[in-house]
Amino acid sequence: MRAKISASMMCSDLVNLKETIRIFEEENVEYLHIDVMDGEFVPNFGLGVDYIRGLRSLTTIPLDLHLMIKDPEYKLQWLGIKETDIVSIHYESTYQVQRALDWLQPFGCKRFLAINPATPIYVLEEVLDYIDGLNLLMVNPGFAGQKMVPSTMKKAERINSFLRERRKNDIIVEVDGNISPESGKRLREIGADIFVAGTSSIFRGGVENYRNNIRILRNALNL
Ligand code: DX5
Ligand code: ZN
């Protein structure tokens, strides 16, 4: 699979949203990463239902919905999920992870399980049959512009063999948090597929820099 970019929309400023989306379309950015935050699962409020609806009217780029909310299984129908979208629910966000994944299935989207930096890989063991991908958090979620938690790089290095040993190498690996061209390149080498691009890469500087930033990131990922 070719490396894909998922632009972290919490890093975009609303004033230039139309222009930003136009650049993303022209540069074939594969996904728009939407951090949905409820102030409970993470210490921040974030992009919600109205924002998602507004974004849909601006573009057909598929959404990569990262649900950082408690008990997401009861809130899925609020989001207008499309078959072309990715939806990540957090392992830590519900007591009934498998049920949440089950309830996601009728939407026909790609089902991802996200895990926080302190959550070990082995929690994926019993749900590998119910997911299309996993979202490895490289920072504690909730805020853009954080530094990578050092232990997450080692964890990412183990993912590939974990999946291979279970004959599950078709599971897509997404990485989220402090993905720069440099760390992205390293993560690409160890098998990551989707790269959440925020202030550490494509949103560096102003809107006039985005196109060039995307090209720099793509170059780093595809070497
Ligand atoms: C966490 C968020 C952030 C951020 C990514 O869920 O997705 O990690 O927007 O961009 P950075 O970390 O580069 O600002
Ligand atoms: Zn995210």
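**Exercise 1. Find which residues of helix α4 are buried in this predicted model, and what they pack against.**

Step 1. Go through α4 and pick out the buried residues: Thr152, Met153, Lys155, Ala156, Ile159, Phe162 and Leu163.

Step 2. Recall the geometry of a helix. An α-helix has 3.6 residues a turn, so residues three or four places apart point the same way.

Step 3. Look for the partners of these buried residues. They pack against three strands, β5 (110-115), β6 (133-137) and β7 (172-176), and against helix α5 (181-189).

**Exercise 2. Check whether the length of α4 agrees with its number of residues, then describe its bend and what follows it.**

Step 1. Helix α4 covers residues 151-165, which is 15 residues.

Step 2. The expected span is 1.5 Å times one less than the number of residues, so α4 should span 21 Å.

Step 3. The C-alpha atoms at the two ends are 22 Å apart, which agrees with the expected span.

Step 4. Look along the axis. Centred on Arg158 is a kink of about 25°.

Step 5. Move past the end of the helix. Arg167 follows α4 and has a positive phi, near 50°.

**Exercise 3. Decide whether Ser183 is buried or exposed, and list its contacts.**

Step 1. Locate the residue: Ser183 is part of helix α5.

Step 2. Its relative accessible area is 11%. Buried means under 20%, so Ser183 is buried.

Step 3. Examine the polar side-chain atom of Ser183. The backbone nitrogen of Ser180 lies 2.9 Å from it.

Step 4. Leave aside neighbours within four places in sequence. Ser183 is then in contact with Met148, Met153 and Asn178. Of these, Met153 is also one of the buried residues of α4.

**Exercise 4. Do the same for Phe195.**

Step 1. Phe195 belongs to strand β8 (residues 194-197).

Step 2. With a relative accessible area of 0%, Phe195 is buried.

Step 3. Not counting residues up to four places away in sequence, Phe195 touches several residues, including Ala3, Ile5, Val175, Ile179, Leu187 and Leu221.

Step 4. Compare a pair along the chain. Lys185 and Phe195 are ten residues apart, and their C-alpha atoms are separated by 10.0 Å.

**Exercise 5. Describe the surroundings of ligand 1.**

Step 1. There are 17 residues around the ligand, and Ser8, Gly145, Asp176, Thr199 and Ser200 come nearest.

Step 2. Find the side-chain N or O atoms by the ligand's oxygen atoms. The distance is 2.8 Å for Asp176, 2.5 Å for Thr199 and 2.6 Å for Ser200.

Step 3. Consider the cover. On its own, ligand 1 has 360 Å² of accessible area, and the protein covers 100% of this.

Key: Residues are numbered from 1 along each chain as its sequence is written. Chains are lettered from A and ligands numbered from 1 in the order in which they are written. This is a predicted model: local features need pLDDT of at least 70, side-chain atom pairs count only at pLDDT 80 or more; totals for chains, interfaces and linings use all residues. Side-chain values use heavy atoms; hydrogens and water are left out. Helices (H or I, at least four residues) and strands (E, at least two) are DSSP runs, numbered from the N terminus. The bend at a residue is the angle between axes fitted to the seven residues ending there and the seven starting there. Buried means under 20% relative accessible area, exposed over 50%, partly exposed in between (1.4 Å probe, protein chains only). Contact means heavy atoms within 4.5 Å. A residue is near a molecule or strand if one of its heavy atoms lies within 4 Å of it. A polar contact is a pair of N or O atoms within 3.5 Å; within protein, one must be able to donate a hydrogen and the other to accept it, and residues adjacent in sequence count only if both atoms are side-chain atoms. Accessible areas come from the Shrake-Rupley method with a 1.4 Å probe; for residues, only the protein chains shown count as cover.
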